[in-house]
Amino acid sequence: MSRKILAAILILLGAPAAGRAAAPDACALLSRDEIAAATGGKVQGFDRAQEEGGVPVCAGRAGEASLTLRAASRADAEAATGQRALDRLRGKGAKVELTRAGTATCVRVTTQQTMSSASGRAFCTAPAGDRAAILETEAASIMDLIPPATLGALAERAAARL
């Protein structure tokens with residue numbers, strides 16, 4: 001995936017503004033067993049949250065895809081899936097697909113690297129009051145991405161624990 005597109009996604013999913021309530025431990029929102037059952041792949045990581053810009057982030061791998069979970073304000077999550085944000089990604093040459101999976105809003109971003117391969121990233125946001133769970137996946141091949149329906153279901157489960 002191009003660095004510009006990746007940077008745009010990371011900015012959209014960035015840290016909450018100063019003064020907001022502290023986010024919960026992201027690794028307490030989903031268990032490895034829940035992730036493995038949903039994805040059908042071997043799960044690694046998800047041991048303890050790391051801080052990214054002051055936000056606890058739980059990361060690991062599910063099969064061939066990376067998987068990152070964080071809690072954010074609902075406003076930040078909605079901004080990441082808003083039309084302006086999606087248009088910005090499209091403007092950088094990415095193919096952007098927006099879908100719904102239950103109460104979760106999912107975005108799948110793919111870029112063509114060569115004539116025969118494409119990489120991808122997807123994320124789903126699931127609301128819970130004034131907060132939201134954001135679950136992201138990235139893979140070198142779009143075939144290895146966790147499907148939006150699965151990602152959305154996991155995001156909803158995490159949001160229920162916020």
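# Exercises on a predicted model

Glu 34 sits in helix H2, which spans residues 32-39; helices (H or I, at least four residues) and strands (E, at least two) are DSSP runs, numbered from the N terminus. A couple of ground rules before we start. This is a predicted model, where local features need pLDDT of at least 70 and side-chain atom pairs count only at pLDDT 80 or more, while totals for chains, interfaces and linings use all residues. Residues are numbered from 1 along each chain as its sequence is written, and side-chain values use heavy atoms, with hydrogens and water left out.

## Exercise 1: two charged side chains

Work out whether Glu 34 is buried or exposed, and find the polar partners of Glu 34 and Arg 70.

Step 1. Start with the cut-offs: buried means under 20% relative accessible area, exposed over 50%, and partly exposed in between (1.4 Å probe, protein chains only). Glu 34 has 15% relative accessibility, so it counts as buried.

Step 2. Look for neighbours, where contact means heavy atoms within 4.5 Å. Leaving out residues up to four places away in sequence, Glu 34 touches Leu 29, Leu 154, Arg 157 and Arg 161.

Step 3. Now check for a polar contact (a pair of N or O atoms within 3.5 Å; within protein, one must be able to donate a hydrogen and the other to accept it, and residues adjacent in sequence count only if both atoms are side-chain atoms). The side chain of Glu 34 has one with the side chain of Arg 161, at 2.6 Å.

Step 4. Repeat for Arg 70, found in strand E4. Its relative accessible area is 5%, so Arg 70 is buried. The side chain of Arg 70 makes a polar contact of 2.4 Å with the side chain of Glu 136.

## Exercise 2: the overall layout

Lay out the order of elements in the chain, then say how much of the chain is buried.

Step 1. Count the elements: there are five helices and eight strands. Read from the N terminus, they go α-α-β-β-β-β-α-α-β-β-β-β-α.

Step 2. Of the 162 residues in the chain, 44% are buried.

Step 3. Take the contacts with a separation of 6 or more: 56% of these are between residues 24 or more positions apart.

## Exercise 3: the nonpolar cores

Which residues have the most contacts inside the largest nonpolar core, and which element gives the most to it?

Step 1. Build the sets: a nonpolar core is a set of buried Ala, Val, Leu, Ile, Met, Phe, Trp, Tyr and Cys residues joined through side-chain atoms within 4.5 Å. The largest one has 28 residues, and those with the most contacts inside it are Leu 30, Ile 35, Leu 67, Leu 69, Leu 135 and Leu 151.

Step 2. Map this core onto the elements. At least two residues each come from E3 (55-62), E4 (65-73), E6 (104-112), E7 (118-128), E8 (131-139) and helix H5 (148-159). Helix H5 gives the most, with five residues.

Step 3. Zoom in on Leu 135. Not counting residues up to four places away in sequence, its contacts include Leu 30, Leu 67, Leu 69, Phe 123, Cys 124 and Leu 151. Another core, of eight residues, lies apart from the largest one and includes Leu 86, Leu 89, Ala 94 and Val 109.

## Exercise 4: the disulfides

Find which cysteines are joined and give the pairing pattern.

Step 1. Search for disulfides (cysteine sulfur atoms within 2.5 Å). The structure holds two.

Step 2. Cys 27 is joined to Cys 58, S to S 2.1 Å. The torsion about their S-S bond is about 100°, so this disulfide is right-handed. Cys 27 lies in the loop between helix H1 (3-12) and H2, and Cys 58 in strand E3, so the pair ties together parts 31 residues apart in sequence.

Step 3. Cys 106 is joined to Cys 124, S to S 2.0 Å. With a torsion of about 110°, the disulfide of Cys 106 and Cys 124 is right-handed. Cys 106 is in strand E6 and Cys 124 in strand E7, 18 residues apart. Both Cys 106 and Cys 124 are buried.

Step 4. Counting bonded cysteines along the chain, the pattern is 1-2, 3-4.
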